[in-house]
Amino acid sequence: MKEHQFLAEWSKWQPNEPPHQFPGDEDILAELGSKEKTRVFRSWEEYYQAPDFCEPGDTRLHLGLLPQPFIGNLRTAKVFVLMLNPGLNPNDYFAQYAQPGFRQAMLDNLAQRNVETFTFLDPQFAWCSGFRYWHSKFSKLIEALADNGGRSFSQARKEFSKWLATIELVPYHSRHFNIGSRYIKRMKSAELARSFVDEVVIPRAIAGECVIVVTRKVKQWDIPAGSNVIIYNNAEAQAAYITPHSRGGARILQFLTNLN
């Protein structure tokens, strides 16, 4: 079966010197850069020594970090969470520039090479911001899966991490997002992400093979709701909770429980 262009293009993408840009995004990112909506740091030291380090109002796309269009094994995942873009925490630069093992894991993820679990639920990366964010978001759901299956929390987390994948509409990190929809629509990376969801993930959901939870930029993702496609409304999207008592979390829990 022919690989979808979304996976094929990212698997062959090679990070050289920053700025890190997906082929086809260069013109729009240059335009955003001319409006001071992008920033490039080339090392952890350069970032933490910058005069605006950790500035709370930072809305720029950070092109010194590896893009993060998805996390998890997109070929085998049974739970897809659709997001807007990866966030920004101070230790993201430390993780990618000072921790070669972590950087290699992110490159393997991009190439979809030896991806057995969701990177940000892997205990060896518990020190990184991605683990803290995603583990906090899914901890109650994992706890419920553990209780339902008579397993330890650790066992349930490992099992859940095999089924989980996230896809970002925009693959570039930012502390806060302030890029207009007209720019997103022109990004090749966003176009391919939507195409992959439309052509691969949604048919799988309709066939009962996976469940999708759309938490961010619902209008931009533009996909229909269904029994296995949960679309968050504006109020739900603000916090994007995925717990046993949220619509998305409840459907995920039911879906994965029925697998066993």
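Me: Which residue stands opposite Ile-212 in strand 6?
Reply: In this predicted model, strand 4, residues 79–83, and strand 6 run parallel and are joined by four bridges. Within strand 6, Ile-212 has a residue standing opposite, and that residue is Phe-80.

Me: What is the bridge partner of Val-213 in strand 7?
Reply: Strand 6 also pairs with strand 7, residues 229–231, in the parallel sense and over three bridges. The residue of strand 7 that is the bridge partner of Val-213 is Ile-230.

Me: Are the residues on the two faces of strand 6 buried or exposed?
Reply: On one side of strand 6, which spans residues 211–214, are Val-211 and Val-213, while Ile-212 and Val-214 are on the other. Both faces are covered, and the state of these four residues is buried.

Me: Which residues of the largest nonpolar core touch the most other members?
Reply: The largest nonpolar core holds 74 residues, and Ile-212 of strand 6 is one of those that touch the most other members. Apart from this core lies another, of seven residues, among them Phe-41, Ala-50, Leu-65 and Leu-88. In the largest core, the residues that touch the most other members are Phe-6, Phe-160, Ile-167 and Ile-212.

Me: Which residues is Phe-6 in contact with, leaving aside its neighbours within four places in sequence?
Reply: Phe-6 is one of the buried residues of helix 1, and the elements that cover the buried residues of this helix include strand 3 (70–71), helix 5, strand 5 (164–168) and helix 9 (188–206). Leaving aside neighbours within four places in sequence, the contacts of Phe-6 are Pro-69, Phe-70, Leu-74, Ile-167, Ser-189, Leu-192, Ala-193 and Phe-196.

Me: Why are the buried residues of helix 1 on the same side?
Reply: The residues in question are Phe-6, Leu-7, Glu-9 and Trp-10, which are buried in helix 1. They are on the same side of helix 1 because the arc they cover around the axis is only 165 degrees.

Me: How many helical turns, about, separate Lys-12 and Glu-9?
Reply: Lys-12 forms a salt bridge with Glu-9, and their closest N and O atoms are 3.5 Å apart. Lys-12 counts as exposed, at 54% relative accessibility, whereas Glu-9 is buried. Because the two residues are three residues apart in helix 1, the separation is about one helical turn.

Me: What is the relative accessibility of Glu-159, which forms a salt bridge with Lys-162?
Reply: Lys-162 and Glu-159 are three residues apart in helix 7, residues 153–163, and so are separated by about one helical turn. The closest N and O atoms of their salt bridge are 3.5 Å apart. Lys-162 counts as partly exposed at 35% relative accessibility, and Glu-159 also counts as partly exposed, its value being 25%.

Me: Which residues do salt bridges that share partners join into one network?
Reply: A search of the whole structure finds 10 salt bridges, and one of them joins the side chains of Asp-58 and Arg-60 at 2.8 Å, N to O. Both Asp-58 and Arg-60 are buried. Through shared partners, salt bridges make one network of Arg-39, Asp-52, Asp-58 and Arg-60.

Me: What is the relative accessible area of Arg-60?
Reply: Arg-60 lies in the loop between helix 3 (44–48) and strand 2 (61–62), and a polar contact of 2.9 Å joins its side chain to that of Asp-52. Not counting residues up to four places away in sequence, Arg-60 touches several residues, including Glu-36, His-173 and Ser-174. Since buried means under 20%, Arg-60 is buried with a relative accessible area of 16%.

Me: Is Gln-112 buried or exposed?
Reply: Gln-112, in the loop between helix 5 (100–111) and helix 6 (129–149), has a positive phi of about 55 degrees although it is not a glycine. Glu-36, in the loop between helix 2 and strand 1 (38–39), likewise has a positive phi, of about 60 degrees, and is exposed with a relative accessible area of 67%. For Gln-112 the relative accessible area is 9%, so the word that applies is buried.

Me: Where does the cis peptide bond lead from Pro-18?
Reply: Most peptide bonds are trans. The bond in question has an omega near 10 degrees, and the residue it leads to is in the loop between helix 1 (5–12) and helix 2 (26–34). From Pro-18, the cis bond leads to Pro-19.

Notes: Residues numbered from 1 in each chain as written. Predicted model: local features only at pLDDT ≥ 70, side-chain atom pairs only at ≥ 80, totals over all residues. Heavy atoms only, no water. Core = buried A, V, L, I, M, F, W, Y, C linked by side-chain atoms within 4.5 Å. Buried < 20%, exposed > 50% of the residue type's maximum accessible area, 1.4 Å probe, protein only. Contact = heavy atoms within 4.5 Å. Arc of directions from axis to C-beta. Polar contact = N/O pair within 3.5 Å; in protein donor to acceptor, adjacent residues only side chain to side chain. Pairing = 2+ DSSP bridges. Salt bridge = Lys/Arg side-chain N within 4 Å of Asp/Glu carboxyl O.
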